[in-house]
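User: I'm new to this one and would like a quick tour. Could you walk me through it in questions and answers?

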Amino acid sequence: MIKNCLFPVAGYGTRFLPATKAMPKEILPVVNKPLVQYAVEEAVAAGMNNIGFVTGRGKRAIEDHFDISYELEHQIQGSGKEGLLTSIRHLIENNQFSFTRQREMKGLGHAILTGRNLIGENPFGVVLADDLCVVEPGEDEVMTQMAKLYNQFRCSIVAIQEVPEDETNKYGVIAGECMKEGLYRITDMVEKPDPKDAPSNLAIIGRYILTPDIFDIIENTPPGKNGEVQITDALMTQARNGCVLAYKFKGKRFDCGSIDGFVEATNYVYENIYKKS
């Protein structure tokens with residue numbers, strides 16, 4: 001079973017300025033919980049109890065969120081509001097949290113490499129918190145779906161979804177051999193291709209399971225698109241040398257890094273989860 005999950009959270013969140021000038025985008029609330037808490041809960045549901053964050057300057061609020069606030073708890077004691085902290089207290093008390101800092105923003109591949117000291121030589125999950133994924137009641141969370149696949153195939157796996165063909169320039173896009181419905185063995189992978197150059201409309205979203213050899217591959221991966229170290233380039237090397245799978249997950253994904261996606265997610269969670277809880 002995979003025990004480790006890495007959360008790259010060092011980005012600036014520029015699409016949400018000025019809201020993110022002093023507050024991490026991962027702390028933006030979807031109804032009554034910050035994005036990053038939804039993401040951690042998803043990882044924990046998959047059995048990933050060792051939570052590592054790759055942070056940056058101005059991200060202290062994330063570390064504070066996953067710590068006990070004695071002053072706050074003392075202030076609300078006896079007020080009937082203690083129950084509002086139940087979910088976060090459960091996470092704090094039953095999981096391990098560690099943090100390291102990415103000093104320069106050099107791309108997702110570099111962020112993952114920065115977290116190597118938190119992971120060691122173990123397979124691990126990677127969750128991008130601004131991709132909020134929800135599933136139907138009773139269904140496995142996306143990371144749980146992927147962990148089950150890893151237990152079967154023992155190789156790196158990326159989550160994918162179909163996107164409009166004119167939006168491929170926003171994503172890493174894959175081509176692959178279909179192994180069974182919703183599961184592909186990757187043969188090509190391109191970072192943010194122009195629609196005319198995209199190998200398909202199957203786009204990678206912010207859920208990965210990676211084998212630990214990816215770290216050495218990233219170290220030897222030159223900067224790619226936008227001068228950044230791209231995880232797609234490293235994964236393509238891994239695919240050529242072995243096997244990387246792409247999984248069309250079951251569930252609904254919201255791009256909460258965009259304002260439209262964030263509003264859509266808030267409305268959905270309020271109507272379909274919060275009001276029914």
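Analyst: Sure. One definition to start with: helices (H or I, at least four residues) and strands (E, at least two) are DSSP runs, numbered from the N terminus. Also keep in mind that this is a predicted model.

User: Where does UniProt place the domain feature, and how far apart are the end C-alpha atoms of that span?

Analyst: The UniProt record, an unreviewed entry, puts "domain: Nucleotidyl transferase" at residues 10-269. That span is 32% helix and 26% strand. Its end C-alpha atoms are separated by 25 Å.

User: How many helices and strands are there in the protein chain?

Analyst: Counting those DSSP runs along the protein chain, you get 10 helices and 13 strands. The radius of gyration is 18 Å, close to the 19 Å that the globule rule gives for 277 residues, so the chain is as compact as a globular protein of that length. Back to what you asked: 10 helices and 13 strands.

User: What share of the contacts in the protein chain comes from residues 24 or more positions apart?

Analyst: Contact here means heavy atoms within 4.5 Å. Take the contacts with a separation of 6 or more; the part of them that joins residues 24 or more positions apart is 75%.

User: Is helix α1 largely enclosed or not, and which of its residues are buried?

Analyst: Buried means under 20% relative accessible area. In α1, residues 35-45, 8 of the 11 residues pass that test, so the helix is largely enclosed by the rest of the structure. After α1 comes G47, with a positive phi near 90°. The buried ones in the helix are L35, V36, Q37, Y38, A39, V40, E42 and A43.

User: Is I218 buried or exposed?

Analyst: I218 sits in helix α8, residues 214-219. The cut-off for buried is under 20% relative accessible area. I218 has 3% relative accessibility, so I218 counts as buried.

User: Which residues is I218 in contact with, leaving aside its neighbours within four places in sequence?

Analyst: One of them is L113, 105 residues away along the chain, yet the C-alpha atoms of I218 and L113 are 6.8 Å apart. Setting the sequence neighbours aside, the contacts of I218 are G109, I112, L113, V229, I231 and A234.

User: How far apart do the centres of the positive and negative side chains lie?

Analyst: Lys and Arg count as positive here, Asp and Glu as negative. The protein chain has 30 positive and 37 negative side chains. The centres of the two sets are separated by 2 Å.

Definitions and conventions:
Residues numbered from 1 in each chain as written. Predicted model: local features only at pLDDT ≥ 70, side-chain atom pairs only at ≥ 80, totals over all residues. Heavy atoms only, no water. Rg over C-alpha atoms; globule rule 2.2 N^0.38 Å. Charge placed at Lys NZ, Arg CZ, Asp CG, Glu CD. Buried < 20%, exposed > 50% of the residue type's maximum accessible area, 1.4 Å probe, protein only. UniProt positions renumbered as here; feature names shortened; annotations may be inferred.
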